[in-house]
Amino acid sequence: MTGAANRPPTVIDFPRPEVLMSMNDRDHWRKKAEKVANWRMAARYSTPRTTRDLPPCTVHISLPVRDRRRRDPHNYYPTVKAIVDGLVDAGVWPDDTPEWVTTIEPSLEIGGTHVVVTLTERTA
């Protein structure tokens, strides 16, 4: 991966398709499956074709929230998982295993309306 450290991060931006999924949700399985599908499709179809076949990356996701209520960002990993799965569906990586993808805790953007996914190529 010569030169990977010199490449700027890839940024994918898309409108929030659905309410954020939390590990605290207690939805019926069908409703949960619908939310996952909406997030996954939004990530897949918002990923430009030029973003295919990237080397292993660190993924940071900024999720929009409406107010300043206290929240634990790590509770939103179901949303992060669906987004990463959508990126795999788009052909960014062949799989979402640790060999290809490292996710870091998402950040919450108060008053935001768009999801911002930043893909930074790993150097080692």
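This passage describes the overall fold of a predicted protein model, then one of its helices, and then several individual residues.

The structure is a predicted model, in which local features need pLDDT of at least 70 and side-chain atom pairs count only at pLDDT 80 or more, while totals for chains, interfaces and linings use all residues. Residues are numbered from 1 along each chain as its sequence is written, and side-chain values use heavy atoms, with hydrogens and water left out.

The protein chain contains two helices and five strands; helices (H or I, at least four residues) and strands (E, at least two) are DSSP runs, numbered from the N terminus. Read from the N terminus on, the elements follow the order β-α-β-α-β-β-β. A compact globule of 124 residues would have a radius of gyration near 14 Å, and the protein chain agrees, with 14 Å. Here the radius of gyration is taken over C-alpha atoms, and the globule rule is 2.2 Å times the number of residues to the power 0.38. Along the principal axes, the C-alpha atoms fill a box of roughly 45 × 30 × 25 Å.

Of the 124 residues in the protein chain, 36% are buried, where buried means under 20% relative accessible area, exposed over 50%, and partly exposed in between (1.4 Å probe, protein chains only). The exposed area of the protein chain is about 7,500 Å², with carbon and sulfur atoms supplying 51% of it. These accessible areas come from the Shrake-Rupley method with a 1.4 Å probe; for residues, only the protein chains shown count as cover. Contact means heavy atoms within 4.5 Å; among contacts between residues at least 6 apart in sequence, 82% join residues at least 24 apart.

As for charge, the protein chain carries 18 positive and 16 negative side chains, and the centres of the two sets lie 4 Å apart. In this count Lys and Arg are positive and Asp and Glu negative, with His and the chain ends not counted; the place of a charge is NZ of Lys, CZ of Arg, CG of Asp or CD of Glu.

Turning to the second helix, H2 has 13 residues and reaches 18 Å from its first C-alpha to its last, close to the 18 Å expected at 1.5 Å a residue. That expected span is 1.5 Å times one less than the number of residues in the helix. The buried residues of H2 are Thr79, Val80, Ala82, Ile83, Val84, Asp85, Gly86, Leu87 and Val88. Their packing partners are strand S1 (10–15), helix H1 (29–46), strand S2 (57–65), strand S3 (101–103) and strand S5 (114–121). Within H2 (residues 77–89) lies Asp85, which counts as buried because its relative accessible area is 12%. Leaving out residues up to four places away in sequence, Asp85 touches Arg40 and Asp96. Just after H2, Gly91 adopts a positive phi of about 90°.

A positive phi also appears at Asp53, a residue other than glycine, with a value near 55°. Most residues other than glycine have a negative phi. Asp53 sits in the loop between H1 and S2 and counts as exposed because its relative accessibility is 68%.

Two residues in the loop between S1 and H1 are Arg16 and Ser22. Arg16 is partly exposed, at 25% relative accessibility, and, residues up to four places away in sequence aside, touches Trp39, Pro64, Arg66, Thr113, His114 and Val115. Arg16 and Trp29 are 13 residues apart along the chain, with 21 Å between their C-alpha atoms. Ser22 is buried, with a relative accessible area of 13%. Ser22 and Asn75 are 53 residues apart in sequence, and their C-alpha atoms are 5.2 Å apart. With residues up to four places away not counted, Ser22 touches Asn75, Tyr76 and Pro78.

Pro9 belongs to the segment before S1 and is partly exposed, at 45% relative accessibility. Beyond its neighbours within four places in sequence, Pro9 is in contact with Thr118, Leu119 and Thr120. Pro9 and Val117 are 108 residues apart in sequence and 9.9 Å apart from C-alpha to C-alpha. Finally, Glu121 is found in strand S5 and is buried, with a relative accessible area of 15%. Glu121 and Leu63 are 58 residues apart in sequence, and 21 Å separates their C-alpha atoms.
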